[in-house]
Amino acid sequence: MATTINKNVEILREKLKKDIRLIEDATSVVNDLKRGNLDRRLVESASSSELNRLKEVMNEMLENLEERIFSEIEEKTKQEKLLVQQSKLASMGNMIGNIAHQWRQPLSEVNAILMNMQVRKEHDDLSDEEFEQSVEECDIIMSYMSDTISDFQNFFKPSKEKTRFSLQEECKKASYIIESSLKYNGIEFQIDIEDDCEVFGYPREFSQAILNILSNAKDVLKQRDIEKPYIKLTLKEGKRYAVVKIEDNAGGVRSKIIDRIFEPYFTTKQRSKGTGIGLYMSKIIIEDNMHGFINVRNSKNGAIFTIRLIK
């Protein structure tokens, strides 16, 4: 029995190594995307069907995105169309990075389970029932990882038509997407829902606008190496407007550029780390698509983005 258990543990460890190689390959592809290289595809294969499904989804997205970008550039010269495509490219790159952060903890748990099985097997202290239970725990974790892929896919699908939606629900969806990345970078995240409110508009696009602002705050906190960094999202309801505020303690926006941060292609990041279209697209979504208002001001600790939407 010990020989059989040892063989099964080694098989599981080899499967985990294959899964890790696929995630490393995905990270490499993301880095190429940031440099504007659209030719790379995922080539590594994982042991689990969930990870191989992610590989297929990512390669399909890359193929579709590359085709759409080049067709739009050829057929339409308007800057707005190019910005939209670049925004999608940036969003996909961020999505892959966020998936990697979401999976760090589950992969660590799987590795811990396998190591425990290995140690107990060496001491002849692993029964068949305990072995099966450990395998079942690994299956549950892999199922969670598969669900994560579906959640991310659905988040980035555009809304087809305007509808009434809950601001609380969409803010929480955006927070979920970036939450693991914030934890990984040691950034405290607070969400304070004083009042929920329904508004009329495009729910997924609104979530994307929130995610863009959260991602921008995260990048600035990292760039400036802030001690005890935090981001706070507040939602409350007024008489005419629903108000969403996102604030951080990154030191604020310099006065000479604060009036320019919503301009297309304007960025204070290195060229390889920012496109300068995230905040611009957030402004387009909030003001043009949903007829709301967005602005930024400085507090004593950092920047405060305020979104007002008509109820």
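How many bridges pair strand β5 with β7, and do the two strands run in the parallel or the antiparallel sense? Strand β5, residues 241–248, and β7 pair over seven bridges, and the sense is antiparallel. Keep that pairing in mind as we walk through this chain, which is a predicted model.

Let's take the overall plan before the details. The chain holds seven helices and seven strands, and along the sequence they come in the order α-α-α-α-β-α-β-β-α-β-β-α-β-β. Of the 311 residues, 43% are buried. Take the contacts between residues at least 6 apart in sequence: 74% of them join residues at least 24 apart. The accessible surface amounts to about 17000 Å², with 46% of it belonging to carbon and sulfur atoms.

Now back to β7, which spans residues 303–310 and is mostly covered, with six of its eight residues buried. On the pairing with β5, you can find Y241 opposite I310 of β7. Strand β7 also pairs with β6, residues 293–298, again in the antiparallel sense, here through six bridges. These two strands, β6 and β7, make a hairpin with four residues between them. In β6, N298 stands opposite A303 of β7. If you step back from β6 into the loop that links it to α7 (278–289), you meet H291. This histidine is not a glycine, yet its phi is positive, at about 55°.

Helix α1, residues 2–34, is the next stop, and D25 is the residue to pick out there. D25 counts as buried because its relative accessibility is 9%, and the cut-off for buried is under 20%. Apart from neighbours within four places in sequence, D25 is in contact with R40, R41, L42, V43 and E44. One of these, R40, lies 15 residues from D25 in sequence, and the two C-alpha atoms are 10.0 Å apart.

Helix α5 deserves a slower look. Its 18 residues, 167–184, reach 26 Å from first C-alpha to last, close to the 26 Å expected at 1.5 Å a residue. Even so, α5 has a kink of about 45° centred on I178. I178 is itself one of the buried residues of α5, a list that also includes L167, E170, C171, A174 and L182. At the start of the helix, a side-chain oxygen of S166 comes within 3.3 Å of the backbone nitrogen of Q168. Just past the other end, G186 takes a positive phi of about 70°.

Helix α6, residues 203–223, makes a good companion to α5. Its 21 residues should span 30 Å at 1.5 Å a residue, and the end C-alpha atoms are indeed 30 Å apart, so the two values agree. This helix is mostly covered, with 16 of its 21 residues buried. Just after α6, D225 has a positive phi of about 50°.

Follow the chain onward and you reach K228, in the loop between α6 and β4 (230–237). Here too phi is positive in a residue other than glycine, with a value near 50°. Is K228 buried or exposed? K228 counts as exposed because its relative accessibility is 71%, and the cut-off for exposed is over 50%.

Technical notes: Residues are numbered from 1 along each chain as its sequence is written. This is a predicted model: local features need pLDDT of at least 70, side-chain atom pairs count only at pLDDT 80 or more; totals for chains, interfaces and linings use all residues. Side-chain values use heavy atoms; hydrogens and water are left out. Buried means under 20% relative accessible area, exposed over 50%, partly exposed in between (1.4 Å probe, protein chains only). Contact means heavy atoms within 4.5 Å. Accessible areas come from the Shrake-Rupley method with a 1.4 Å probe; for residues, only the protein chains shown count as cover. The expected span of a helix is 1.5 Å times one less than its number of residues. The bend at a residue is the angle between axes fitted to the seven residues ending there and the seven starting there. A polar contact is a pair of N or O atoms within 3.5 Å; within protein, one must be able to donate a hydrogen and the other to accept it, and residues adjacent in sequence count only if both atoms are side-chain atoms. Two strands pair if DSSP finds at least two bridges between them.
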